[in-house]
Amino acid sequence: MDSFGSDYSPSAGSGKMDTGTIMEQVKVQIAVANAQELLQRMTDKCFKKCIGKPGGSLDNSEQKCIAMCMDRYMDAWNTVSRAYNSRLQRERARM
């Protein structure tokens with residue numbers, strides 16, 4: 001047998017994969033992907049809104065616009081996330 005197949009054979013350890021560990025790894029990967037998507041969307045939207053002519057540096061008004069845009073975007077994201085999680089919890093409680 002090749003080395004890949006032997007990692008999951010019954011003779012290797014208990015023969016069971018730790019589903020708790022796998023689930024935690026998946027949750028971490030999903031959280032990282034969500035954070036990357038949030039950052040990408042926020043960057044795209046705030047850049048389009050605040051940067052008129054791209055150059056070597058941002059002027060003060062562009063810096064303030066970017067900071068305010070990012071703050072508003074994060075506030076909106078957090079509000080939607082809380083509402084979504086609350087709804088999920090209510091739906092789970094009904095089941």
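A salt bridge here is a side-chain nitrogen of Lys or Arg within 4 Å of a carboxyl oxygen of Asp or Glu. By that rule, the count for this chain comes to three salt bridges. Keep in mind as you look around that the model is predicted.

Let's begin with the overall layout. The chain holds three helices and zero strands, so in DSSP terms its pattern along the sequence reads α-α-α. Of its 95 residues, 11% are buried. The chain exposes about 8300 Å², and carbon and sulfur atoms supply 57% of that area.

Now step inside. The largest nonpolar core has eight residues: Leu38, Met42, Cys46, Cys50, Ile51, Ile66, Cys69 and Tyr73. Two elements, α2 (19-50) and α3 (60-94), each give two or more residues to this core. Helix α2 gives the most, with four residues.

Tyr73 is a good member of the core to pause at. Setting aside its neighbours within four places in sequence, Tyr73 is in contact with Leu38, Arg41, Met42 and Lys45. Among these partners, Leu38 and Met42 also belong to the core.

One of Tyr73's contacts, Arg41, leads us to the first of the salt bridges we will visit. The side chains of Arg41 and Glu37 meet with N and O 2.7 Å apart. Both residues lie in helix α2, four residues apart, which is about one turn of the helix. Arg41 counts as partly exposed because its relative accessibility, 42%, falls between the 20% and 50% limits. Glu37 is partly exposed as well, with a relative accessible area of 32%.

Elsewhere in helix α2, Lys27 forms a salt bridge with Glu24. Their closest N and O atoms are 3.9 Å apart, and this pair counts because the cut-off is 4 Å. Lys27 and Glu24 are three residues apart in the helix, about one turn. With a relative accessible area of 45%, Glu24 is partly exposed.

For another pair, move to helix α3, where Arg94 and Glu91 are three residues apart, about one turn of the helix. Their side chains meet in a salt bridge at 3.2 Å, N to O. Arg94 is exposed because its relative accessible area of 64% is over the 50% limit. Glu91, at 35%, is partly exposed.

Which residue is buried yet has no salt bridge? That is Glu62, found in helix α3. Side chains of opposite charge can pair when their charged atoms come close. For Glu62, the nearest side chain of opposite charge is Lys53, 8.2 Å away, so this pair does not meet the 4 Å limit for a salt bridge. Glu62 still has company: not counting residues up to four places away in sequence, Glu62 touches Cys50, Ile51, Gly52, Lys53 and Ser57. Cys50 and Ile51 are also among the residues of the nonpolar core.

Finally, come back out to the surface. Ile22, Val26 and Ile30 form a nonpolar patch there, with about 220 Å² of accessible area together. Ile30 lies in helix α2. Ile30 is partly exposed, with a relative accessible area of 48%, so Ile30 passes the limit of over 30% that patch residues need.

Terms used:
Residues are numbered from 1 along each chain as its sequence is written. This is a predicted model: local features need pLDDT of at least 70, side-chain atom pairs count only at pLDDT 80 or more; totals for chains, interfaces and linings use all residues. Side-chain values use heavy atoms; hydrogens and water are left out. A nonpolar core is a set of buried Ala, Val, Leu, Ile, Met, Phe, Trp, Tyr and Cys residues joined through side-chain atoms within 4.5 Å. Buried means under 20% relative accessible area, exposed over 50%, partly exposed in between (1.4 Å probe, protein chains only). Contact means heavy atoms within 4.5 Å. Patches are made of residues with over 30% relative accessible area and no salt bridge: like charges are joined within 9 Å, nonpolar side chains (Val, Leu, Ile, Met, Phe, Trp, Tyr) within 5 Å. Accessible areas come from the Shrake-Rupley method with a 1.4 Å probe; for residues, only the protein chains shown count as cover. Lys and Arg count as positive and Asp and Glu as negative; His and the chain ends are not counted.
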